[in-house]
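Notebook, charged side chains. I wanted to look up where opposite charges pair and where like charges gather.

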Amino acid sequence: MAEPLFIVADIDLSAPALRRWLKSAPQSVAAFDDWPESVRLGAPGLTELAPPVEPSVADALVSYCVDSFGREDGHLHCQHDEQAHALRFAACFQYGDEAGALASALFLCALLRGLAQAYTARQPSFIRLFNADDDLVCIGIGKQSSRVLSAPAHARVSPPWFDDWISQDNLGDPGRLMAALFPPLARALKKQLALGALQASPQAPHRYDSCFWTDGERVYRWPGDAPVQDAAPLTFRRVTPANAMDSAFYTDGRQVWYHRPMVGAVPVQPLEPGTAMQGWRPFGSDGEPILRCGDTVWAVACMDYPDGGNVPDEANYPLGGNTPANVERVLGGIASQGGIPTWEKAYDYEYLRPTRVLGRSFAHLKDSLFEDGESVYVQAAQGLLRLEDARPGMTTDLGALSLNNGRLFHRGQAIRRQPDAATLRHIGHDLYADDRRVYLLSQEMDGIHSHPVLRILQDADPERFRITHVLPNAILGDDEQQAWLNGEPLHGVTPRAIKLMGLFFWTDGVHVYHCEKRIAQADPARFEVLTDSDYARQDEAVYFRDQRIPGADAASFVADDMSTAHDRLRRYLFEEPVASQDAATES
């Protein structure tokens, strides 16, 4: 017959003191030498028990709760009574005579003994470890001290809150278990535990997200329902946000996986107990996930095939650059970085690249920039890269640029052909100026990868330059003598000749444009924009944006809104006819 084991602790403690204890370093069983001989006999090797590996008491309690869910025993009660200013702590081991139960109970008692550092009450409080027949340990908690002693008579009486808790049916019910925890502990536990997996079955499976599910026994990947090898259903969870392609990192507390639907679940690394993890997905749904495990950061990276294999040239590389020789060389390069190959693509090879960081101080700044106590990093196509000569705590923003230690970066990539950083100012949008020149932030291609550059606007006067109009894909500016469109000079055009025509059309006095595109044969004197829409006409021609609509009847053409229109012959969606007027009338 099972012999239950219990812990009860009624500790006079304020809520701030409780929070300080939860944030403090956990005490180990071996830190105390006054355990009674009866306990030592019941738990051989007591002082050799491994100390807690978690950085705080809260982390140790959450880790304990995860384990107790798995073994369906050792249930915990840890709540703060605001009115009584007291910590109500209890544990119930229904199978207290089984191997490991006493050691787990003493582990909790050692954590509770650490309360002495936060204890301020005048009278002592007591921690009691007992079974159905006898008290095993009684610990007195005072200011800056805890010691094993004989239990006073009043300490042997179970408090009413404990009786109410222990008398509940099905203590292991997920709702009851979460309700018995101090809210910060419950929130932390929810991040590590799939409560739905506790009640999952083949008849009522639990879905973690759109990609994984469990029947309570194993974790499966959808579609295909392939099992994830050795994944623990109870603690399986996603630890980074997923992007638009459903790529993300997952863990069960013992192993980390990277999942991309086109690839599957790729094992990344095993986890030591207590390893801190933190995940990000910069740039929203378009970004790639990035995960810190302790002092290692895993980032998605791509390695180009050598010998020009990264250039999309179907004549030389019918299947892209992934010839057998190129693939072999790339795999060697990935292995030299300690990387994990994930996806052989046509023009480069995707893999997971590890970067060593100072984990405790590693943090996300903005966009693709990260830093720790010694370095600044950027998440790029080649993985998480350390920025040369950049110093932590020195990054400032200048529009879309970042300035660090006298060097300029865009989304973590160094600007090629650096301008005078000391006098550089942001004019607006992608335009900048220093004391000598005006620049447009743009991208230069290097194979299939791009790099940021500040392109010089030739002969632009930095003192007088201003932005005059901003349209989708079009920035107009001038320095009172010359006008520019997206950094390109409009030769022969005086700034005063530029005028808007509706929302997105404009003229330089000679030509007509829709945003950045010039409309062939358009005459600003005869060109008519229709009701602030993307439609216009000139004589017998009808235009949608910069494209002429074949067959449209200019005389009867009417714009209904920004992107739909009709004439006497048919209706239009954008520039495409969608129905004749007769068919539309009949319907």
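The entries below cover salt bridges, then a charged patch.

Setup. I worked from a predicted model, in which local features need pLDDT of at least 70, side-chain atom pairs count only at pLDDT 80 or more, and totals for chains, interfaces and linings use all residues. Residues are numbered from 1 along each chain as its sequence is written, and side-chain values use heavy atoms, with hydrogens and water left out.

Entry 1, total. I searched the whole structure for salt bridges and got 23. The criterion was a side-chain nitrogen of Lys or Arg within 4 Å of a carboxyl oxygen of Asp or Glu.

Entry 2, Arg-128 and Asp-135. I found these two side chains joined in a salt bridge, with an N to O distance of 2.7 Å. Are the partners buried or exposed? I took buried as under 20% relative accessible area, exposed as over 50%, and partly exposed as in between (1.4 Å probe, protein chains only). Arg-128 counts as buried because its relative accessibility is 9%. Asp-135 is buried too, at 18%.

Entry 3, Arg-260 and Glu-288. I noted a salt bridge here, with the closest N and O atoms 3.0 Å apart. This pair links distant parts of the chain, 28 residues apart: Arg-260 is in strand E13 (residues 255–260), and Glu-288 is in the loop between strand E15 (277–280) and strand E16 (290–293). Strands are DSSP runs of E with at least two residues, helices are runs of H or I with at least four, and both are numbered from the N terminus. Arg-260 is buried at 4% relative accessible area, whereas Glu-288 counts as partly exposed at 26%.

Entry 4, Glu-488 and Arg-455. I logged a salt bridge between these side chains at 3.1 Å, N to O. It links distant parts of the chain, with Glu-488 in strand E36 (residues 488–489) and Arg-455 in strand E32 (residues 449–456), 33 residues apart. Glu-488 is partly exposed at 46%, and Arg-455 is partly exposed at 29%.

Entry 5, network. I found Asp-10, Asp-81 and Arg-88 linked in a network of salt bridges.

Entry 6, patch. Which residues gather in a patch of positive charge on the surface? They are Arg-19, Lys-23, Arg-187 and Lys-191. Patch residues have over 30% relative accessible area and no salt bridge, and like charges are joined within 9 Å. I saw that helix H1 (15–23) and helix H7 (183–192) each supply at least two of the patch residues. Lys-23, in helix H1, counts as exposed because its relative accessibility is 70%.

Terms used
Patch = residues over 30% accessible without salt bridge, like charges linked within 9 Å, V, L, I, M, F, W, Y side chains within 5 Å. Areas by Shrake-Rupley, 256 points an atom, 1.4 Å probe, with all protein chains shown as cover. Lys, Arg positive; Asp, Glu negative; His and termini not counted. Charge placed at Lys NZ, Arg CZ, Asp CG, Glu CD.
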